[in-house]
Protein chains: 2
Amino acid sequence: MAVPAGGRSPVEAAALYGPVAGDLPLVDAKLASLAEVEAPWLREMLGAVLAGGGKRMRPAVALLAGRFGRYEAGRLVPLAASVELLHTATLVHDDVIDASPERRGRPTAAALFQNGPSVMLGDYMFAYAADFVAETGNIRAIRAFAKTLRVMATGELEQDLSAFEYSEDVQRYFDRIAGKTASLFATAAEGGAVVAGAGEPSVEALRRYGQRLGMAFQIVDDVLDFSGDAEALGKPVASDLRAGTLTLPAILYLQRQPDDNPVRRAFDGVRPRANVERAVAAIREGGLLEETMEVARRFAGEALAALEAAPAEAADSATRETLAGLVSEVLERRS
Amino acid sequence: MAVPAGGRSPVEAAALYGPVAGDLPLVDAKLASLAEVEAPWLREMLGAVLAGGGKRMRPAVALLAGRFGRYEAGRLVPLAASVELLHTATLVHDDVIDASPERRGRPTAAALFQNGPSVMLGDYMFAYAADFVAETGNIRAIRAFAKTLRVMATGELEQDLSAFEYSEDVQRYFDRIAGKTASLFATAAEGGAVVAGAGEPSVEALRRYGQRLGMAFQIVDDVLDFSGDAEALGKPVASDLRAGTLTLPAILYLQRQPDDNPVRRAFDGVRPRANVERAVAAIREGGLLEETMEVARRFAGEALAALEAAPAEAADSATRETLAGLVSEVLERRS
């Protein structure tokens, strides 16, 4: 956890996270404090999970939103750490459920420590997430967190129960990623604003900004699952499709070619591996990833519009520009 | 969920729960509200898990503790529901980890819905538990809850990782059940007192009462695992020992006969089934269950002493007598 801001150099972090770049290492330190426990086996497990690093985009959003009110690191850093921890704990449980061996090229907790200990490890991290958000002393932020965990769990359950159904449509996909991903971005932004005592118009605008940013983030993620190469992704190409989950590129492809479609055949159990390969090639070559990116750009545009709607006097221009820059970053990321 | 107070008749409930018997159905109603969701699959899962019923002893302790301050059902009922929900969610995850097919003679969520959905179901219930405790508006109670979840997860992890080790000693057993069971009883009592704004001496005394009551509760549970018959327990006799977990009766038996012991042989993989049967018979016939009950009675005595230590003027005698009665109930229960 010595590398600041989730594996970025200080210069990169400053460019991306602007006025809060200096406080992100405090979030990392707060997360690292979890692993300072006596039991060596627990220290090892937490170390492995927390070292994954990610981009720390969610905590950055929380901190930046805090600049629309009275920015106090003592309350905002625990909030930001809580956001990241809730995210990481959810990943730990997801990897148990999906029996995923790798994430971002590293073995998952489920693979390293088996299912039972990984379930408990996730619970332990949820407990710390709850404690960190309680440190803010803000009941509204705490309740927003509880609601987000509920929504995230429902989204994952729904995904799990609808595996290998090819009746998925765009609206259900939006609902699902709203629960699974966008709700936490929205709560990060709302939570930061609420904890800082920002005005209600700012809170509303930031919540919407976070929600739309999260939607764009997940859609780009789903594009990268098809377009990236396996090594950069740290997992096989089209891993969702292989697991029976339809994401936007495959849904749009099924809409375009509803009858004779390799996705249908794969989900019906007809030579699934060969048909998935065929589907991936067709989706890549048929322009469906570009079409999907168009949808992501629409959500990104709505995120920027939400930001514009926040009262002009509520935050300095560096904060606004950094939040706008994160929208571009989400669209342009390659992994 | 129509049956009040966890499957007891109103008369039984009134005898056992005294002045809070009338409010326990409100806790049941609060728990039932979880299952009022749109998704039919989620409704089914929650219905199956929450209908289990239990004795509602933890919520009763929370409500009774609230009578040491300003008793407000509007704040204490959510707290009590949160306690029960945290308990139930933990059981859902435990059953995934232990791959338990039955609990109290009913199929577990893990058996009914498989592991993945059960992990998420537990998370969903944790989220509601967090939301309910946040409804109290009391940061101290919220943090006590977060800490309890952490301690409970650690206790379960420790149990999981030390399976089939016969070096377990009494102190480690006490530490483990303190985390796994007593911490939630302690937090129920502390939380009720804190939410009701009870004085600090009452809060302290009630926390200690809850902790000791929880220790006695778990030790009796571990005796019943050996003494009960499989049908009443809803699980095989000595299920812990079969799963490689040493509880107090087996630990005391190993201390008495450290060298040539069927538990050792079973854990070493030597004809495990026959050696477990032999161990169960030896523990039952060697007076070890009575010896273990002696330990439970010691903790029960400490619970009563803690209750005595609470300021005399803080609560009415019906409340005190009911809390004292719960101690007897824990010692005398047969299932």
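In the predicted model, the contact between the two chains draws 35 residues from chain A and 35 residues from chain B. Together, chain A and chain B bury about 3,300 Å² between them, and 77% of this area lies on carbon and sulfur atoms.

Charged and polar groups also take part in this contact, for six salt bridges are counted between chain A and chain B. One of these salt bridges joins the side chains of Asp131(B) and Arg143(A), with a distance of 2.9 Å from N to O. In addition, four residue pairs in polar contact, both residues being at pLDDT 80 or more, are counted between chain A and chain B. On the side of chain A that touches chain B, at least two residues each are supplied by helix 3, helix 5 (73–97), helix 7 (115–135) and helix 8 (139–161) of chain A. Helix 7 of chain A gives the most to this side, contributing 14 residues. When the residues of the side of chain A that touches chain B are sorted by character, 21 are nonpolar, five are polar and nine are charged.

The packing of helices across the contact can be followed in helix 3 (residues 40–50) of chain A, which packs against helix 8 (residues 139–161) of chain B at an angle of about 110 degrees, with the two axes 11 Å apart. Because angles of 65 to 115 degrees count as roughly perpendicular, helix 3 of chain A is described as roughly perpendicular to helix 8 of chain B. Here Trp41(A), Leu42(A) and Met45(A) of helix 3 of chain A meet Thr154(B), Leu157(B), Glu158(B) and Leu161(B) of helix 8 of chain B. The residues of this contact between helix 3 of chain A and helix 8 of chain B comprise five nonpolar, one polar and one charged.

Helix 3 of chain A also packs within its own chain, where its axis and that of helix 7 of chain A come within 11 Å and cross at roughly 75 degrees. This angle makes helix 3 of chain A roughly perpendicular to helix 7 of chain A. From helix 3 of chain A, the contact is made by Leu42(A), Met45(A), Leu46(A), Val49(A) and Leu50(A), while helix 7 of chain A provides Pro117(A), Ser118(A), Leu121(A), Tyr124(A) and Met125(A). Of the residues in the contact of helix 3 of chain A with helix 7 of chain A, nine are nonpolar and one is polar, and no charged residue is present. Leu42(A) and Met45(A) are thus named both in the contact with helix 8 of chain B and in the contact with helix 7 of chain A.

Notes:
Residues numbered from 1 in each chain as written. Chains lettered and ligands numbered in written order. Predicted model: local features only at pLDDT ≥ 70, side-chain atom pairs only at ≥ 80, totals over all residues. Heavy atoms only, no water. Axes fitted to C-alpha atoms, helices over the stretch in contact; angles between N-to-C directions. Helix = DSSP H or I, 4+ residues; strand = E, 2+ residues; numbered from the N terminus. Parallel < 35°, antiparallel > 145°, perpendicular 65-115°, else oblique. Contact = heavy atoms within 4.5 Å. Nonpolar A, V, L, I, M, F, W, Y, C, P; charged D, E, K, R; others polar. Buried area = accessible area lost by both parts, 1.4 Å probe. Salt bridge = Lys/Arg side-chain N within 4 Å of Asp/Glu carboxyl O. Polar contact = N/O pair within 3.5 Å; in protein donor to acceptor, adjacent residues only side chain to side chain.
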